[in-house]
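This report describes how the secondary-structure elements of one protein model are arranged and which residues link them. The sequence and structure are shown first.

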Amino acid sequence: MKKDYLIEVKKLEKTFYTGGVETRAVRGVDFKIKKGEFLTIMGPSGSGKSTIMQILGFLDRPTGGNYYFKGQNSKKFSDDKLARLRNREVGFIFQTFNLLSRTTVFENVELPLLYSAQKRNKKQIEKMVEKALKKVSMNYRSAYFSNQLSGGEKQRAAIARALVNEPEIIFADEPTGNLDSKSGKQVMKILQDLNRQGKTVVLITHETKTARHAKRIIKIIDGKIQDDYPVKKSIDANGKGDLK
Ligand SMILES: Nc1ncnc2c1ncn2[C@@H]1O[C@H](COP(=O)(O)OP(=O)(O)OP(=O)(O)O)[C@@H](O)[C@H]1O
Ligand SMILES: [Mg+2]
């Protein structure tokens with residue numbers, strides 16, 4: 001039954017202990033995500049959004065509750081399995097792009113393929129990188145160093161890097177936070193297009209307007225879910241629809 005869901009968390013908890021201080025970042029959170037959904041985790045600064053994403057993306061483990069991925073309890077996953085899942089099943093996009101600076105766009109995008117357990121030859125790698133760059137209209141910047149790109153181009157290169165391994169799910173943590181509104185719209189349109197093509201997208205933001213590009217909003221306050229509801233009329237990043 002659990003197989004119906006890509007992701008299911010039950011009573012999820014994450015408590016940090018830092019210098020004798022306890023922070024209960026996530027306090028008993030329940031939700032399910034189906035394949036192909038586009039949802040936003042929305043909440044104020046410090047509410048636990050990134051912590052939840054780190055757990056869902058296998059970058060960190062919960063301190064309580066359970067996380068099922070494709071019906072399997074992640075408690076049983078070895079560190080090797082977590083590394084494999086991180087590389088193959090999920091793609092990350094961050095506010096700060098996180099590209100290697102004196103490295104070309106091509107090399108940045110190719111990186112996840114080089115770390116993959118799956119062996120591919122140079123031709124196959126080239127093809128996959130080109131396909132990912134095409135999805136974000138960045139082929140023409142393939143040979144640029146990432147420090148030569150505009151902010152919007154950097155984020156598009158980062159999206160190509162997140163896509164190159166053809167992951168099941170994309171996590172975008174405040175992907176428009178450092179962008180001007182035009183580049184931000186481009187990024188939201190790319191996320192919507194990816195979702196239309198079947199990709200599961202989890203967007204994290206503190207802004208209602210950004211959140212409403214998705215089809216469902218989970219509102220988090222102080223590490224707890226305050227609300228979980230469908231977006232009746234999503235904002236169309238093409239500029240149509242309700243832009244209030
Ligand atoms: N590695 C860590 N060690 C200790 N405390 C942490 C750690 N990561 C997060 N926290 C704490 O957990 C709480 C939730 O942090 P989190 O980064 O998940 O918030 P957020 O909702 O993503 O906020 P923002 O919108 O500012 O990015 C905060 O109080 C934060 O200080
Ligand atoms: Mg955060």
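The buried residues of helix α2 are covered by elements that include β4, β6 (90-94) and α3 (105-114). Helix α2 itself spans residues 79-88, and its buried residues are Leu82, Leu85 and Asn87. The model discussed here is predicted.

**The six-stranded sheet**

Strand β6 belongs to an open sheet of six strands with the order β6-β7-β8-β3-β9-β10, in which the pairing is mixed. The edges of this sheet are formed by β6 and β10 (224-230), each of which pairs on one side only. On average, and with direction ignored, neighbouring strands of this sheet are turned by 15 degrees against each other.

At one edge, β6 pairs with strand β7 (residues 169-173) in the parallel sense, over five bridges. Within this pairing, Gly91 stands opposite Ile170 in β7.

At the other edge, strand β9 (residues 216-221) and β10 run antiparallel and are joined by six bridges. The hairpin of β9 and β10 has two residues between the strands, and Asp222 in this hairpin takes a positive phi near 45 degrees.

Asp227 lies in strand β10 and is the bridge partner of Lys219. Is Asp227 buried, partly exposed or exposed? Its relative accessibility is 35%, so Asp227 counts as partly exposed; the buried class would require a value under 20%, and the exposed class one over 50%. When neighbours within four places in sequence are left aside, Asp227 is in contact with Ile217, Ile218 and Lys219. The C-alpha atoms of Asp227 and Thr63 are separated by 23 Å, with these positions 164 residues apart along the chain.

**The four-stranded sheet**

A further open sheet consists of four strands in the order β2-β1-β4-β5, with antiparallel pairing. Its edge strands are β2 and β5 (72-73), each pairing on one side only. Strand β4 (residues 64-69) and β5 run antiparallel, with two bridges joining them. Phe69 stands opposite Gln72 in β5. Helix α1 (residues 49-56) lies across β1 (7-18), β2 and β4, and runs at about 115 degrees to β1.

Lys32 is placed in strand β2 (residues 21-33). With a relative accessible area of 31%, Lys32 is partly exposed. Not counting residues up to four places away in sequence, Lys32 touches Tyr5, Ile7, Glu8, Glu37 and Arg216. Arg216, one of these contacts, falls within strand β9 (residues 216-221). The C-alpha atoms of Lys32 and Gln192 are 20 Å apart, while the two residues are 160 residues apart along the chain.

**Helix packing**

Two packed helices are described by the angle between their axes and the distance between the axes. The following table gives both quantities for two helix pairs.

| Helix pair | Angle between axes | Distance between axes |
|---|---|---|
| α5 (residues 151-163) and α6 (residues 181-196) | about 20 degrees | 9 Å |
| α3 and α5 | about 30 degrees | 7 Å |

How are α5 and α6 oriented to each other? Angles under 35 degrees count as roughly parallel, and α5 and α6 are therefore roughly parallel to each other. Their crossing is right-handed. From α5, the contact is made by Gly152, Gln155, Arg156, Ile159 and Leu163, and from α6 by Ser183, Gln186, Val187, Ile190 and Leu194. The residues of this contact divide into five nonpolar, four polar and one charged.

The pair of α3 and α5 is likewise roughly parallel, as follows from its angle, and α3 passes α5 in a right-handed crossing. The contact is made by Val105, Asn108, Val109 and Pro112 of α3 together with Ala157, Ala160 and Arg161 of α5. By residue type, the contact of α3 with α5 comprises five nonpolar residues, one polar and one charged.

Helix α5 thus takes part in both packings, with α6 and with α3. Helix α3 in turn is among the elements that cover the buried residues of α2.

Terms used
Residues are numbered from 1 along each chain as its sequence is written. Chains are lettered from A and ligands numbered from 1 in the order in which they are written. This is a predicted model: local features need pLDDT of at least 70, side-chain atom pairs count only at pLDDT 80 or more; totals for chains, interfaces and linings use all residues. Side-chain values use heavy atoms; hydrogens and water are left out. Axes are lines fitted to C-alpha atoms, for helices over the stretch in contact, and angles run from 0 to 180 degrees between N-to-C directions. Angles under 35 degrees count as roughly parallel, over 145 as roughly antiparallel, 65 to 115 as roughly perpendicular and the rest as oblique. A crossing is left-handed if the near helix is turned anticlockwise from the far one by less than a right angle, and right-handed if clockwise. Contact means heavy atoms within 4.5 Å. Ala, Val, Leu, Ile, Met, Phe, Trp, Tyr, Cys and Pro count as nonpolar, Asp, Glu, Lys and Arg as charged, and the others, Gly among them, as polar. Buried means under 20% relative accessible area, exposed over 50%, partly exposed in between (1.4 Å probe, protein chains only). Two strands pair if DSSP finds at least two bridges between them.
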